[in-house]
Amino acid sequence: MAAPIDLELKKAFAELQAKMIDTQQKAKLADLQIDQLTRMKKHANLTHAEIKTLPENTRMYEGVGRMFILQSKEDINTQLTEKQKSAEEKIKELEQKKTYLERSVKDAEDNIREMLMSRRAQ
């Protein structure tokens, strides 16, 4: 009777370990993406602040691949604002995903603890 219980617990622990490793990798990836988006947002913010100080008739160019395209100051400001907004939204999504992953691992741990407690009670 003890052997099937041990096998069941081993299987549950193996599943938990696999889930923990997978979750840790996904959380690290989310952290890296959040850092990258934060840097991009900061860069766009600094560029936006510098452009505000320039006169209205200044010629501005947007880098596209290996070339530069003449753009109006208004268009560049709009693009920078959109970059900042999209970065903020993606950061919020990644943080929510990260909390969900952490919560799911905690739930799995709680289930295994509960299983151990019920086995000990028997």
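How much space lies in the largest pocket? The space in the largest pocket comes to about 180 Å³, where a pocket is an open set of points on a 1 Å grid over the protein atoms alone, with protein on both sides within 12 Å along at least five of seven lines. Such a volume is the space filled by probe spheres set on the points, which are joined across faces, edges and corners. The model is a predicted one, in which local features need pLDDT of at least 70 and side-chain atom pairs count only at pLDDT 80 or more, whereas totals for chains, interfaces and linings use all residues. Residues are numbered from 1 along each chain as its sequence is written, and side-chain values use heavy atoms, with hydrogens and water left out.

The lining of the largest pocket consists of His-43, Tyr-61, Glu-62, Ile-76, Gln-79, Leu-80 and Lys-83, a lining residue being one that has an atom within 4 Å of a point. Helix 2 (73-121) and strand 1 (60-64) each supply at least two residues of this lining, and the largest share, four residues, comes from helix 2. Helices and strands are here DSSP runs numbered from the N terminus, with at least four residues of type H or I for a helix and at least two of type E for a strand.

Tyr-61, a lining residue of the pocket, also belongs to a nonpolar surface patch of about 360 Å², which is made together with Phe-68 and Leu-70. Patches are built from residues with over 30% relative accessible area and no salt bridge, nonpolar side chains (Val, Leu, Ile, Met, Phe, Trp, Tyr) being joined within 5 Å and like charges within 9 Å. The areas come from the Shrake-Rupley method with a 1.4 Å probe, and for residues only the protein chains shown count as cover. Phe-68 has its place in strand 2 (residues 67-71), and this residue counts as exposed because its relative accessible area is 62%; exposed means over 50%, buried means under 20%, and partly exposed lies in between.

Leu-70, another member of the patch, is also where an annotated span begins, since UniProt, in an unreviewed entry, lists residues 70-111 as "coiled-coil region". UniProt positions are given in the numbering used here, feature names are shortened, and annotations may be inferred rather than shown by experiment. In the model, the end C-alpha atoms of residues 70-111 lie 60 Å apart, and the span is 93% helix and 5% strand.

Charged side chains were then examined for salt bridges, each defined as a side-chain nitrogen of Lys or Arg within 4 Å of a carboxyl oxygen of Asp or Glu. By this rule the count comes to six salt bridges. In one of them Lys-26 pairs with Asp-22, the closest N and O atoms being 3.4 Å apart; both residues lie in helix 1 (residues 2-52), four residues apart, or about one turn of the helix. Lys-26 is partly exposed because its relative accessible area is 36%, and Asp-22 is partly exposed with a relative accessible area of 36%.

A further salt bridge joins the side chains of Lys-41 and Glu-88 (3.5 Å, N to O). This pair links distant parts of the chain, with Lys-41 in helix 1 and Glu-88 in helix 2, 47 residues apart. Lys-41 counts as partly exposed at 29% relative accessibility, and Glu-88 is partly exposed at 36%. Glu-88 is also 50 residues along the chain from Thr-38, yet the C-alpha atoms of these two residues are separated by 8.1 Å. Thr-38 is placed in helix 1 and, at 40% relative accessibility, counts as partly exposed.

Lys-73 forms a salt bridge with Glu-56, with 3.9 Å between the closest N and O atoms. Here too the pair links distant parts of the chain, as Lys-73 lies in helix 2 and Glu-56 in the loop between helix 1 and strand 1, 17 residues apart. The two partners fall into opposite classes: Lys-73 counts as buried because its relative accessibility is 9%, whereas Glu-56 counts as exposed at 60%. Elsewhere, Lys-106, Asp-110 and Arg-113 are joined into one network by salt bridges that share partners.

Two further C-alpha separations describe how the chain is laid out. Glu-102, found in helix 2, is 82 residues along the chain from Met-20, and their C-alpha atoms are separated by 9.0 Å. By contrast, Lys-52 and Gln-25 are 27 residues apart along the chain, with their C-alpha atoms separated by 41 Å; Lys-52 is in helix 1.

Note on methods. Buried means under 20% relative accessible area, exposed over 50%, partly exposed in between (1.4 Å probe, protein chains only). On a 1 Å grid over the protein atoms alone, a cavity is a set of points where a 1.4 Å probe fits but cannot get out, and a pocket is an open set with protein on both sides within 12 Å along at least five of seven lines; lining residues have an atom within 4 Å of a point.
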